[in-house]
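Hello,

Here is the structure I promised to pass on to you. Have a look at it first, and then read my notes below.

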Amino acid sequence: MAEQAVDTDGEPTAPRKRQPPPAAPASSTSSTSSAPGRQPQDRASQDRPAQDRASQDRPAPDDRTPPADTPPRQRSASGAAGRTGGQDGGVWSGATRAVLFAAAATVGRGFAGRRRELLSLRADIERAGLDTLAGRKAARSRVLLIAGRPGWGRTALAEELVRRLADDYPDGVLSARLTTSAGDPVPIERTARELLGRLGASAPPGADEDDLSARLREAFDGRRMLLLLDDVAGAEQVDALLPDEPGCLVVAVSHGPLTGVPDVRPCTVGGLDVSAAVGLLAQYAGPTRITCDPVAAQSLVEECAGQPAALVLIGGWLAARPQASVADVLARLRELPPDERDSDHGARPLNRAFRLAYAALPSATARMLRLLVLAPGGSVDAQTASALAGCSVADGEAALEGFAAYGMLRPREPGRYLVPGCLDPLLRELLETVERPAEVELARARMLERTVRQLRACRLAAEPPGSPGRKRLAEMPRPLRFESAAEAAAWLEARLPTLLEAARTAVETGRLDTLARRLVAALTHALTAHRGAEGAAPELYGLHQLVLDVAGRRDLPVERAAALLNLGDLDGGAGRVDQALARYKSALEAARASGDPYTTGRALESIGGTYQELEDWHRAADWYGRALELRLSRRDLPAAARLYARLGTVHGYAGRWGEALRDWRAAAAACRRAGDRPGYARALSGAAGAQERTGRPREALRIWTEAAAAARTCGDTRLHADVAHHAADAIDRLGGDPAVARSLRRTAQRIDEAEPDDMVPSLGKDKGNPVDLRNK
């Protein structure tokens, strides 16, 4: 059902200007506790100013009633969810905006505390390692480990350390996250390829982990760089990515020790000290409330155990409620009923702070927050948020700004946010228990459909101005359009890791295979349009493997054959000829099972080309002959002409010049009937070479003259120059007219001067054969 969903990214209404709202609605929306038996007005009526009491004729949100679809076990977490969302036709009503935007403009996000840890880490960089103490030169880069549980500020400490050390490493800073948002380790080859791309190095598509790791170490040689590895799942990940360059430094963030990495320098993080924790609260709540009640502030820090993530959520709650005091939030935190997750003392502060902050959200905004964990890699923007929630792009942008002000999202760059890793499991549990599976599937389908449309717009933007593709782009909704090809290419490169993760997740989920196939196809076309087939080959290899997975699961033989053929082409281009041959033969089996003649013919031709690469001329001719029979039976004249030429090539390599001459003549006749002038000139050149090898110089001279005349009128200047060069050499070799040879050489020289040789591939000179059409 979800695959039939219609995307809801139509032309959005103009975003309303968000004025700083009064404090009154913020207090009235979520200033009551979810404790049993508490009256809704016991504290809110004291915090509510006179102008809000005067407007009590408006329906007030009931922040003690959980959503109707919330199971009893979760009502303590969502008991204060309001019902203000969607009252004005959008996601936010006035009261909801007040909750999320009251202090958004004044919230500070500076780094707090950790002075001792920073000094210790900097000292570890200069401290002698085991190799130095043993009198040996350091073989690898120094590794600093910041260990701790998610939510205790380990990533923030690592980022602050990297920021302070960046000037000491002039070749730059690289970062990678080694655990997915769902908690699964990222494959080493994926991370290594991503880092290679950032270093400007390349690796063949389909390369294995060892090859990529070796290439990555080579790319680090001679450089002084800083590498940040976040959310490390195991020591093997760091070991495979560790540079052999002593001038580099690796900062790793992990839950526990990395016992497999030699000479690692660990630093374990815990709670913030009281002064730093109070300062972090002051960044959100403002210094006035902290100064007015310092005892309550210290008690609040103790209640949160100094955990930065919990303090940020509490600070966001206070920032949205200027009338609430520190004592108020402390009382509410202590009144929360026990929860089964509170038994884990390390997770208890964050769990309780999240329950308090989440319970204050209206039901519509709470639902959007839950759905954000469906975003690939936890990376969200306005388009993703609006697609998941089914709202306009303007409301999605407002929601993300509000969540960031509330401390529930981390800003990464303008317009993009990240779901914190410490909140991801809490939100996923809520998503599984609160949302119905059909609604989750529908939200995921909307997100994938939106992504497909964005990729389609990205591909269309690569077409030249005035083309039909650009006209279709102009008809798309404004939020999806790109103004130029450069803008579309920049968007594609910036979003590429997220887009690849979206494709992988869609295929692994297995419930939206139709949309997954469309997404892979759209991403393939966009990459090819902006990078070219060769530049996009590494990413295309992984995408074709995803198609192969879907085809195998859904029993789609045509798609399976096409994916195997594409993978075989990439394997062959990377030099893995044996692996390519195995893929082509598997593709042939799938194509024959499906009864698709086009795919069958392509597989036969690819097998023949692979045997030609292996210089097995007999088998190459045999497979080309099978492909030719199929093409002739379907009256496919252009394909038949191409196969005749390929047969002429392999017969020439095998020294069977009589058969080669017959095939080249058949290729010339087929090209002439098909109106293929460049192919006709190539075929005549092949026939002339075969005539010369069979001892017929006069016939060879005549056909070389016909080939030069055909090349002159074919419209391909590069081909014209190549044929002219070969014809001139043949005339000199066979004793023809020297004046004709000089004229042909002058013609070829003029073309070469006007058009450099490296712009277009030449005719081919392999094995002494003047024409090799393997790649034509």
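**What I found**

Let me begin with R504, which is buried, at a relative accessible area of 18%. Please keep in mind as you read that this is a predicted model.

R504 has a charged partner: E501 forms a salt bridge with it, and the closest N and O atoms are 3.4 Å apart. Both residues belong to helix α24, which covers residues 485-509, and they sit three residues apart, about one turn of the helix. E501 is also buried, with a relative accessibility of 16%. Buried here means under 20% relative accessible area, so the 16% of E501 and the 18% of R504 both fall in that class.

**More salt bridges**

How many salt bridges does the structure hold? The count is 48, and here are a few others that you can look up.

In helix α10, D211 and R215 are four residues apart, which means that about one helical turn separates them. These two form a salt bridge, with 3.2 Å between the closest N and O atoms. D211 is partly exposed, at 27% relative accessibility, and R215 is partly exposed as well, at 30%.

Another pair is R619 and D616, whose side chains meet in a salt bridge of 3.6 Å from N to O. R619 has a relative accessible area of 44% and is partly exposed. D616 is partly exposed too, with a relative accessibility of 24%.

There is also a network of salt bridges, and it links R367, R370, E435, R436 and E439.

**A patch of negative charge**

Which residues gather in a patch of negative charge on the surface? They are E189, D208, E209, D210 and E236. For a closer look at one of them, try E209: this residue lies in helix α10, which runs over residues 209-220. E209 is partly exposed, its relative accessible area being 32%. A residue in such a patch needs over 30% relative accessible area, so E209, at 32%, passes that cut-off.

**Buried residues and their contacts**

Three buried residues come next, each with its contacts beyond four places in sequence.

Is A457 buried or exposed? A457 is buried, with a relative accessible area of 0%. You will find A457 in helix α22, residues 437-461. Apart from its neighbours within four places in sequence, A457 is in contact with L473, M476, L480 and F482. If you would like a distance to check, the C-alpha atoms of A457 and P477 are 9.9 Å apart, and these two residues are separated by 20 residues along the chain.

E605 sits in helix α29, which spans residues 597-613. With a relative accessibility of 7%, E605 counts as buried. Not counting residues up to four places away in sequence, E605 touches Y624, A627, R631, R642, L643 and R646. Among these contacts of E605 are three arginines, R631, R642 and R646.

T384 belongs to helix α19, made of residues 382-389. T384 is buried, and its relative accessible area is 16%. Which residues is T384 in contact with, leaving aside its neighbours within four places in sequence? The answer is A375 and M447.

**Two positive phi angles**

Finally, a look at the backbone. Most residues other than glycine have a negative phi. Two residues are worth viewing with that in mind.

Phi of E615 is near 60°, a positive value in a residue other than glycine. E615 is placed in the loop between α29 and α30, the latter being residues 617-633. With a relative accessible area of 45%, E615 is partly exposed.

R635 also has a positive phi, near 55°, and is again a residue other than glycine. Where does R635 lie? R635 is in the loop between α30 and α31, and α31 covers residues 637-653. R635 counts as exposed, with 78% relative accessibility. Exposed means over 50% relative accessible area, so R635, at 78%, belongs in that class.

I hope these notes help you find your way around.

Best wishes

Notes: Residues are numbered from 1 along each chain as its sequence is written. This is a predicted model: local features need pLDDT of at least 70, side-chain atom pairs count only at pLDDT 80 or more; totals for chains, interfaces and linings use all residues. Side-chain values use heavy atoms; hydrogens and water are left out. Patches are made of residues with over 30% relative accessible area and no salt bridge: like charges are joined within 9 Å, nonpolar side chains (Val, Leu, Ile, Met, Phe, Trp, Tyr) within 5 Å. Accessible areas come from the Shrake-Rupley method with a 1.4 Å probe; for residues, only the protein chains shown count as cover. A salt bridge is a side-chain nitrogen of Lys or Arg within 4 Å of a carboxyl oxygen of Asp or Glu. Lys and Arg count as positive and Asp and Glu as negative; His and the chain ends are not counted. The place of a charge is taken as NZ of Lys, CZ of Arg, CG of Asp or CD of Glu. Helices (H or I, at least four residues) and strands (E, at least two) are DSSP runs, numbered from the N terminus. Buried means under 20% relative accessible area, exposed over 50%, partly exposed in between (1.4 Å probe, protein chains only). Contact means heavy atoms within 4.5 Å.
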